[in-house]
Amino acid sequence: MLKKRIIPVQLLLDGRLVKTKRFRDFRDVGDPVKSSAVYNSQNADEIIFLNIAREHRSIDMLRVVIEKVSEVSFMPMAMGGGISSADDAAELIRTGADKIVVNSAAYRDKELITATAARFGAQAVVVSIDARWDPAFNRYLLFSDCGRLQETPTLEQHVRDVIAAGAGEIMIQSIDRDGTMEGYDVELVRRVKAVSTIPVIACGGSGNYEHLREVFAETDVSAVACGSLFNFSDSNPIRAKAFLTNHGLSFKVV
Amino acid sequence: MPTDPLIGILKMPMGNLRSAYNAVYQNGFDSQFVDKDSNLDDLTHLIVPGVGNFRAVMAHLEEDGGADRVRAFATSGRPVLGVCAGMQLLAERGTEGGDTPGLGLVHGAIERLPEDPGHILPHVGWSPVRFRFNHPVLEGVKPGRDFYFVHSYALRGAREDEFLGETTYGVPFASIVARDNVIGFQFHPEKSQGNGLKLIENFCLWDGRC
C-alpha cells in the first residue's frame, strides 16, 4: 500500500503567513520560514505554499520565500499562486520548488501544464481546484482567481481535462470549509477520486485528527492538506500520524 | 590533523543545485560550485547533483571536459557522491535518450523501470531503503527508513559487492551503489529530512575508505 501523506498548507500574503476563513478574513499566523523549519522537524511529508495576494499577481514573493525556506526545510515543497506562464513554473523549480501548483491557469492555459510536465515530469505539476457547493442546483461550482471568478466546466470535466493535459496530482479544496475546522467536504473529495487516475490531495476544513481519519477512510485520498489544524492548535504532523497509524494507515518511517 | 572538508558541487546545465548546497551547509561544511574553469585540487569531496536527461547531461559533461575531471577526481581516491540523476551518471551506460556511455565509476546500466497500473512512472514519494551491507556513509542511519524518490530510470544489474541499498518499486533496484571511494543515492538525501541530512554529513566526513 502506498504511504499516505500529511501536508501543511501555508498561505502567503506580502511575505507573511496568513490563514483565511472561506477565502476571506485573513489572520496573520506568523513567519513562513520559521514555521517551515518547525514542520521539517515534525517530519511533515511535504509543504505547499500558496500566494493569495489578489493584486499584482506574480511569482516574485514565492521566489524570495522558497530561497529562504530551502535553507531550513529539507523535504519536497510545492509553490503556487500567481504562476502565469511555463517560464514562471520553470523559474520556481530552478529556485528550489519541487512542484508547482496552478489553479486559474489550469482553466485558461492547459499548455502551461503540458509544457511543465514535459520538462520536469508530471509529478512537478499539481492542479489545485477550488469548489463550492451550490445548494440551488445540487452541484459543485468551480472558482478561480482566489475564489472570485466562477468557471464553466463541471468538476468531473475539469478533473479529466487537467489530467489529459499532463497534471501529476490534484488538490481539491472546499471553499465552504476553508478555515472552518469543521471537517473535510468528504463528498467533494469522493467525486474527484471517482474520476481521477492520479493522486488526490484533500484540502479545506481539517480541525482535528478525526477529520483526517474520516477523509482517508471514506475516500482513500492520497494526502491531506492542513492549514488551521496546525496553525491554531497544538496539533502537529507527528501526533496526527501517531493517531492515524492506530487506525491502520501507513506513513513514511523516519 | 586532516584538513577541513571542502565539498565541491558540480554545476549542471539545468536544475536546482541550491538544495544540495543548503544540505551541506546545514551540516556545518563549506562547499563551492565547480565548473569547467574551477580548480579541483583544493576540494576534499565532490557531489554530482541530480538533473535531467542522461544523454543530454553526459553530452554536456563530455563536451566541457567535466566527465574526465570527475573520473580523475575519483581516481585520486577522494570521495565522490552522485545524487539521483547524478548517481545514474556514475554507471557504465544509460538508456534514457538513447544508449549512452556513462562515467563508468560503478558497474551496471541505467534502464527505465517497468511500468504497470500499480507502478506508474515516475516513481515519486517516500520509499524504504534496505541496506545490504555496512558502509561508513550509512553509519547511524537505521535500515528500512523512507527516503524521497523522483525517478523513472534506475540502476539495474549492479554488481553484488556494489549493491549497497535496495528499494522495490514493482521490481527491486539499486537505490544506493558504492564502489571504493564512490557512492550514489537514487533518492534525494537533501529532500529526506533528518535521515537524508545524516547521510550527507557522513559523506562529508568520509575518507573514501570502506
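**Figure 1. Long-range contacts and overall dimensions of chain B in the predicted model.** Among the contacts in chain B with a separation of 6 or more, 69% join residues that are 24 or more positions apart. Chain B contains 5 helices and 14 strands. Along the principal axes, its C-alpha atoms fill a box of roughly 50 × 40 × 30 Å. The radius of gyration of chain B is 16 Å, which agrees with the value near 17 Å that a compact globule of 210 residues would have. Of the 210 residues of chain B, 50% count as buried.

**Figure 2. The cis peptide bond before Pro122(B).** The view shows the peptide bond from Leu121(B) to Pro122(B), which is cis, with omega near 0°. Pro122(B) has its place in the loop of chain B between strand S7 (109–112) and strand S8 (123–128).

**Figure 3. The contact between chain A and chain B.** Chain A contributes 18 residues to the contact, and chain B contributes 23 residues. On the side of chain A that touches chain B, the residues comprise 6 nonpolar, 6 polar and 6 charged.

**Figure 4. Packing of helix H8 against helix H10 in chain A.** Helix H8 (residues 209–219) and helix H10 (residues 237–245) of chain A pack with their axes 10 Å apart, at an angle of about 50°. An angle of about 50° falls outside the ranges for roughly parallel, roughly perpendicular and roughly antiparallel pairs, and H8(A) and H10(A) are therefore oblique to each other. The crossing of H8(A) and H10(A) is right-handed. On the side of H8(A), the contact is made by Tyr209(A), Leu212(A), Arg213(A) and Phe216(A); on the side of H10(A), the contact is made by Ala240(A), Phe243(A) and Leu244(A). By class, the contact of H8(A) with H10(A) has 6 nonpolar residues, no polar residues and 1 charged residue.

**Figure 5. Packing of helix H5 against helix H6 in chain A.** The axes of helix H5 (residues 110–120) and helix H6 (residues 155–165) of chain A are 8 Å apart, and the two helices pack at an angle of about 40°. H5(A) and H6(A) are therefore oblique to each other. From H5(A), the residues in the contact are Lys110(A), Ile113(A) and Thr114(A); from H6(A), they are Asp161(A), Val162(A) and Ala165(A). The contact of H5(A) with H6(A) consists of 3 nonpolar, 1 polar and 2 charged residues.

**Figure 6. Surroundings of Asp28(A) in strand S3.** Asp28(A) is found in strand S3 (residues 24–30) of chain A. Asp28(A) is exposed, because 11 other C-beta atoms lie within 10 Å and a residue with 12 or fewer counts as exposed. When its neighbours within four places in sequence are left aside, Asp28(A) is in contact with Arg16(A) and Val18(A). Leu13(A) is 15 residues from Asp28(A) along the chain, and the C-alpha atoms of the two residues are separated by 8.8 Å.

**Figure 7. Surroundings of Ser73(A) in a loop of chain A.** The loop that holds Ser73(A) runs between helix H2 (60–69) and strand S5 (77–80) of chain A. Ser73(A) is buried, because 26 other C-beta atoms lie within 10 Å and the criterion for a buried residue is 20 or more. Not counting residues up to four places away in sequence, Ser73(A) touches Ser36(A), Ala37(A), Tyr39(A), Asn40(A) and Ile47(A). Lys34(A) is 39 residues apart from Ser73(A) in sequence, and the two are 9.5 Å apart in space, C-alpha to C-alpha.

**Figure 8. Positive phi at Asp145(A) and at Met181(A).** Asp145(A), a residue other than glycine, has a positive phi near 55°. Asp145(A) lies in the loop between strand S8 (139–144) and strand S9 (149–150) of chain A. Asp145(A) counts as partly exposed, with 14 C-beta neighbours inside 10 Å. Met181(A), in the loop between strand S10 (169–174) and helix H7 (186–195) of chain A, has a positive phi near 60°. With 19 C-beta neighbours inside 10 Å, Met181(A) counts as partly exposed.

Note on methods. Residues numbered from 1 in each chain as written. Chains lettered and ligands numbered in written order. Predicted model: local features only at pLDDT ≥ 70, side-chain atom pairs only at ≥ 80, totals over all residues. Helix = DSSP H or I, 4+ residues; strand = E, 2+ residues; numbered from the N terminus. Contact = placed C-beta atoms within 7 Å. Nonpolar A, V, L, I, M, F, W, Y, C, P; charged D, E, K, R; others polar. Rg over C-alpha atoms; globule rule 2.2 N^0.38 Å. Axes fitted to C-alpha atoms, helices over the stretch in contact; angles between N-to-C directions. Parallel < 35°, antiparallel > 145°, perpendicular 65-115°, else oblique. Left-handed = near helix turned anticlockwise from the far one by under 90°.
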